[in-house]
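Please open the structure in a viewer and keep the selection panel at hand. The tour proceeds by selections, each followed by a description of what is found there.

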Amino acid sequence: MRIVLVGPPGAGKGTQATLLAKTLSIPHVSTGDLFRANISQGTELGLAAKAIMDSGKLVPDEVTIGMAKDRLAEPDAADGFLLDGFPRNVAQAVALDGILAEWGIELDGVLDLEVPEDEVVRRIAGRRICRNDSAHIFHVEYNRPAVDDVCDVCQGELYQRGDDAEDKVRVRLEVYHTETEPIIAYYQKQGLVTTIPALGKVDEVTQRAIAALRENK
Ligand code: AP5
Ligand code: ZN
């Protein structure tokens, strides 16, 4: 299956993508995680992306599209993938369609996670992420680690993302509304979008997502 996950910052895309990717046996491809890995490795791409990400704005398309294409060309993504955070504007969606057409494949569905803005703000404010693996995502209230600031999975240190500061979150939400939301209409024209409410417990949302993807097949 080839799926795109859409939703505002803090909707739970990373949380759900990790679980769905395991259930569906496809790789979770997150452009945010790819950028963060480049930043922690100090690569040229990471250096270029860091200031932009810290401001809450989008990294330029030419950088992002190339990075996503290279990742999707890796062997583990040959039979399917779950894209999280890409595409993030209509130009990226058009580019992705072009890449997939070049490879003779197409998307199976777009899953849109719907969460009210006040909940998104609460989720982001309490989020803590593991330094060793960005798939290890916690929340100080909703998904507390057994020991404060220590990852339950690998004992790594938990930290708060720089772009999770309140003023940056406001910019990210604005960017989501103006740049990312239009891709929902773009994919609706292709009959690919299923919207699910992403409120409730993490595993309830996962069940809803799996049911929606099966229905859409
Ligand atoms: P990215 O990393 O993609 O961030 P985002 O889209 O803002 O999404 P988040 O990671 O903030 O949230 P999420 O939806 O994954 O939520 P999570 O599962 O963590 O992008 C960051 C930046 O990179 C961008 O601003 C941009 O600069 C750059 N970038 C990335 N892709 C790009 C692209 N394509 N083009 C250009 N630039 C790009 O959950 C949030 C919290 O809620 C967690 O604490 C979690 O534990 C909790 N939670 C999850 N589900 C539930 C639930 N059901 N109930 C209660 N709590 C829950
Ligand atoms: Zn960890």
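The stops below cover a metal site, a ligand site, some backbone features and a few individual side chains.

**The zinc site**

The model is a predicted one. Select the zinc ion (ligand 2) and display its protein donors: Cys130 through SG, His136 through ND1, Cys151 through SG and Cys154 through SG. These donors lie 2.2 to 2.3 Å from the zinc ion. With the four donors displayed, the angles between them may be inspected. The 4 donor atoms subtend angles of 95 to 119 degrees around the zinc ion, and the arrangement is therefore tetrahedral. Along the sequence, the donor residues follow the spacing C-x5-H-x14-C-x2-C.

Next, colour the donors by accessibility. Is cysteine 151 buried or exposed? Cysteine 151 counts as buried because its relative accessibility is 1%, under the 20% limit for that class. Cysteine 154, at 29% relative accessibility, counts as partly exposed.

**The site of ligand 1**

Select ligand 1 and expand the selection to its surroundings. The shell holds 34 residues, and the closest are Thr15, Lys57, Arg88, Arg127 and Arg172. By residue class, the shell consists of 12 nonpolar, 12 polar and 10 charged residues.

Now show three of the contacts. In the side chain of arginine 127, an N or O atom is 2.6 Å from an oxygen atom of ligand 1. The side chain of arginine 36 likewise places an N or O atom 2.8 Å from an oxygen atom of ligand 1. At glycine 85 the contact involves the backbone: an N or O atom there lies 2.8 Å from a nitrogen atom of ligand 1. On its own, ligand 1 has 1,100 Å² of accessible area, of which the protein covers 96%. Helix H1 (13-24), helix H2 (31-41) and strand S6 (137-139) are the elements that give two or more residues to this shell. Which element gives the most to the shell? H2 does, with 4 residues.

**Backbone features**

Select phenylalanine 86 and proline 87, and display the peptide bond between them. This bond is cis, with omega about -5 degrees. Proline 87 belongs to the loop between strand S3 (81-84) and helix H5 (90-102).

Move to serine 25, in the loop between H1 and strand S2 (28-30). Its phi is positive, about 55 degrees, although serine 25 is not a glycine. Serine 25 counts as exposed because its relative accessibility is 64%.

Then select aspartate 149, located in the loop between S6 and strand S7 (158-159). Aspartate 149 is another non-glycine residue with a positive phi, near 65 degrees. At 45% relative accessibility, aspartate 149 counts as partly exposed.

Remain in the loop between S6 and S7 and select glutamate 141. Is glutamate 141 buried or exposed? Its relative accessibility of 58% places glutamate 141 in the exposed class. Measuring tools in the viewer may be applied to the next pair: the C-alpha atoms of glutamate 141 and arginine 123 are separated by 8.9 Å, with their positions 18 residues apart along the chain.

**Buried side chains in helices and a strand**

Select glutamine 92 in helix H5, together with aspartate 61. The side chains of these two residues, glutamine 92 and aspartate 61, are joined by a polar contact of 3.0 Å. Glutamine 92 counts as buried, at 2% relative accessibility.

Continue to helix H6 (residues 117-125), where glutamate 119 is found. Which side chain does glutamate 119 contact? A polar contact of 3.0 Å links the side chain of glutamate 119 to that of arginine 122. Glutamate 119 has a relative accessible area of 10% and is therefore buried.

The final stop is leucine 111, in strand S4 (residues 109-114). Leucine 111 counts as buried because its relative accessibility is 0%. Add leucine 192 to the selection: the two residues are 81 residues apart along the chain, and the C-alpha atoms of leucine 111 and leucine 192 are separated by 8.3 Å.

Methods. Residues are numbered from 1 along each chain as its sequence is written. Chains are lettered from A and ligands numbered from 1 in the order in which they are written. This is a predicted model: local features need pLDDT of at least 70, side-chain atom pairs count only at pLDDT 80 or more; totals for chains, interfaces and linings use all residues. Side-chain values use heavy atoms; hydrogens and water are left out. Donors are N, O and S atoms within 2.8 Å of the metal (3.2 Å for Na, K and Ca); water is not among the atoms, so sites may look incomplete. Four donors count as tetrahedral if all angles lie between 85 and 135 degrees; four count as square planar and six as octahedral if opposite donors are over 155 degrees apart and all others between 65 and 115; anything else is irregular. Buried means under 20% relative accessible area, exposed over 50%, partly exposed in between (1.4 Å probe, protein chains only). A residue is near a molecule or strand if one of its heavy atoms lies within 4 Å of it. A polar contact is a pair of N or O atoms within 3.5 Å; within protein, one must be able to donate a hydrogen and the other to accept it, and residues adjacent in sequence count only if both atoms are side-chain atoms. Accessible areas come from the Shrake-Rupley method with a 1.4 Å probe; for residues, only the protein chains shown count as cover. Ala, Val, Leu, Ile, Met, Phe, Trp, Tyr, Cys and Pro count as nonpolar, Asp, Glu, Lys and Arg as charged, and the others, Gly among them, as polar.
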